Amino acid sequence: MLNARTRVLAGLAVLAMIGAACASDSSTTSAGGTTSSGLCASIDTSGTDALANICASGKLRIATDPKYAPQSSFDVQTQTWEGFDVDVATEIAQRLGVTPELQAQKWGVITAGSWNDRWDVSVGSMTDTIDREKLFYFTPAYYYTPAAISVSEDNTTITGPGDLTGKTVCVGVATTYQDYVQGTLKLGAGAPPFDFDIHGANLQTYDTDTDALDNLALGDGVRCDAAISAQQTIQAYIDDGGKIKLVGDPLYYEPLSIAFDKNDPSDSQSLSDAVGKIVDDMHADGTLSSLSKKWYNGVDWTVTSASKGSVSASPSA
């Protein structure tokens with residue numbers, strides 16, 4: 001038989017184990033991570049929808065382009081991400097109460113839809129178009145961008161879209177810029193109206209917008225006579241020493257949104273709604289404006305008035 005002292009010590013040990021187990025239950029999720037904060041603290045993680053699954057796992061898997069500075073870029077040497085979209089994605093994950101997990105994906109793969117649960121969301125400056133609405137749920141726009149024309153810094157003959165007939169125009173594949181040159185672009189609700197001003201151009205596509213700009217920078221007419229991308233992307237390329245320049249007025253303005261796969265094995269509608277509310281909150285509290293000014297030389301591209309500016313838009317006050 002155990003003596004009295006042994007029985008007391010054994011009892012204390014059992015109580016300590018019970019206390020440790022209770023403490024563990026209060027600080028971990030069902031997936032073994034830390035307790036959810038933010039929105040996930042109020043989510044029933046026993047559900048089967050995408051929002052419940054993310055809150056249960058404790059992480060948000062985010063697909064974005066690793067070669068789309070200043071929106072998103074990945075430094076292979078330091079193994080770090082940076083950019084406007086990266087900061088936006090990180091803030092969304094924090095407000096959900098989960099850890100962001102960024103994944104480098106090709107744009108054509110992202111925009112094809114049917115992600116098959118490889119990632120949860122695209123935070124990659126995706127434009128809401130009529131065709132894409134068949135594949136994705138979109139949040140309200142988190143910022144706006146003008147589509148702009150760039151040419152070699154040595155070019156003196158191209159000053160606008162009317163000069164591109166018969167010229168080779170380079171763009172990223174599966175982008176609205178490709179659709180625009182082909183005359184098939186249909187933007188979603190809220191986008192300003194526009195005209196197709198490029199006719200008879202020869203279209204050349206590359207994996208990313210940056211690849212298109214790299215080929216333009218090889219020299220006037222070497223591979224491209226012009227390239228189309230977001231003004232912010234072109235300007236960042238120029239600021240980084242790229243031998244190209246902006247010409248003409250914007251071709252059109254696009255509201256950019258966060259996208260969720262409608263064919264997700266777990267219903268992503270609730271996740272889309274939750275992140276849409278976070279986007280609204282980030283507009284209201286000034287977070288998106290601050291991030292825009294951080295990455296775009298003081299310019300606030302997150303307000304609708306940004307889509308009424310010109311290629312030479314100036315920093316906001």
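Start by selecting serine 229: with a relative accessibility of 1%, this residue counts as buried, because the cut-off for buried is under 20%. Keep in mind as you click around that you're looking at a predicted model.

**Stop 1: around serine 229**

Colour by secondary structure and you'll see that serine 229 belongs to strand S11. Now show side chains and pick aspartate 209 as well. The side chains of serine 229 and aspartate 209 are joined by a polar contact of 2.6 Å. What else touches serine 229? Setting aside neighbours within four places in sequence, its contacts are Tyr68, Pro146, Ala147, Ala148, Tyr177, Asp209 and Ile234. Leave Tyr68 and Tyr177 switched on, since both come back at a later stop.

**Stop 2: helix H7**

Next, select residues 231-239, which make up helix H7. Ile234, one of the contacts of serine 229, is here, and it is among the buried residues of H7 together with Gln231, Gln232, Thr233 and Tyr237. So what lies over them? Try showing these elements around the helix:

- strand S2
- strand S8 (143-152)
- helix H6 (209-216)
- strand S11 (226-230)
- strand S12

The cover over the buried residues of H7 includes each of these elements. Step past the end of the helix to glycine 241, where phi is positive, at about 100°.

**Stop 3: the cavity**

Turn on a cavity display if your viewer has one. How many cavities of 30 Å³ or more turn up in a search of the whole structure? There is one, and the space in the largest cavity comes to about 170 Å³. Its lining has 20 residues, and the closest to the centre are Tyr68, Trp107, Ser125, Thr175 and Tyr177. Select those five and you have Tyr68 and Tyr177 again, both of them contacts of serine 229.

Which strand gives the most to the lining? That is S6, with four residues. Strand S6 (121-127), helix H5 (176-182) and strand S12 (244-261) each supply at least two. If you colour the lining by class, you get seven nonpolar, eight polar and five charged residues.

**Stop 4: a three-stranded sheet**

From Tyr68, move along the chain. Strand S2 (67-68) and strand S3 (72-75) are linked by a loop that holds proline 70. Look at the bond just before the ring: the peptide from alanine 69 to proline 70 is cis, with omega near 5°. For context, most peptide bonds are trans.

Zoom out a little and you have an open sheet of three strands, in the order S2-S3-S4 and with antiparallel pairing. S2 and S4 are the edge strands, each pairing on one side only. Between S3 and S4 the antiparallel pairing runs over three bridges, and you can find aspartate 75 standing opposite threonine 80 in S4.

The loop between S3 and strand S4 (80-82) is where to click on glutamine 79. Is this residue buried or exposed? Its relative accessibility is 52%, so glutamine 79 counts as exposed. Its backbone deserves a look too: phi is near 60°, a positive value in a residue other than glycine.

**Stop 5: aspartate 117**

Now jump to the loop between helix H4 (107-111) and S6, and select aspartate 117. Here again phi is positive in a residue other than glycine, near 65°. Aspartate 117 has 38% relative accessibility, so this residue counts as partly exposed.

**Stop 6: helix H2**

Finish with residues 50-57, helix H2. Six of its eight residues are buried, so the helix is largely enclosed by the rest of the structure. Highlight Ala50, Leu51, Ala52, Ile54, Cys55 and Ala56 to see which they are. Among the elements covering them are strand S1 (59-64), helix H3 (84-96) and helix H8 (269-284).

Check both ends of H2 as well. At the N-terminal end, aspartate 49 acts as a cap, with a side-chain oxygen 3.2 Å from the backbone nitrogen of leucine 51. Just after the helix comes glycine 58, with a positive phi of about 80°.

**Zooming out**

Reset the view for the whole protein: nine helices and twelve strands. Of its 317 residues, 46% are buried. Among contacts between residues at least 6 apart in sequence, 71% join residues at least 24 apart.

Key
Residues are numbered from 1 along each chain as its sequence is written. This is a predicted model: local features need pLDDT of at least 70, side-chain atom pairs count only at pLDDT 80 or more; totals for chains, interfaces and linings use all residues. Side-chain values use heavy atoms; hydrogens and water are left out. Buried means under 20% relative accessible area, exposed over 50%, partly exposed in between (1.4 Å probe, protein chains only). Contact means heavy atoms within 4.5 Å. A polar contact is a pair of N or O atoms within 3.5 Å; within protein, one must be able to donate a hydrogen and the other to accept it, and residues adjacent in sequence count only if both atoms are side-chain atoms. On a 1 Å grid over the protein atoms alone, a cavity is a set of points where a 1.4 Å probe fits but cannot get out, and a pocket is an open set with protein on both sides within 12 Å along at least five of seven lines; lining residues have an atom within 4 Å of a point. Grid points are joined across faces, edges and corners, and a volume is the space filled by probe spheres set on the points. Ala, Val, Leu, Ile, Met, Phe, Trp, Tyr, Cys and Pro count as nonpolar, Asp, Glu, Lys and Arg as charged, and the others, Gly among them, as polar. Two strands pair if DSSP finds at least two bridges between them.
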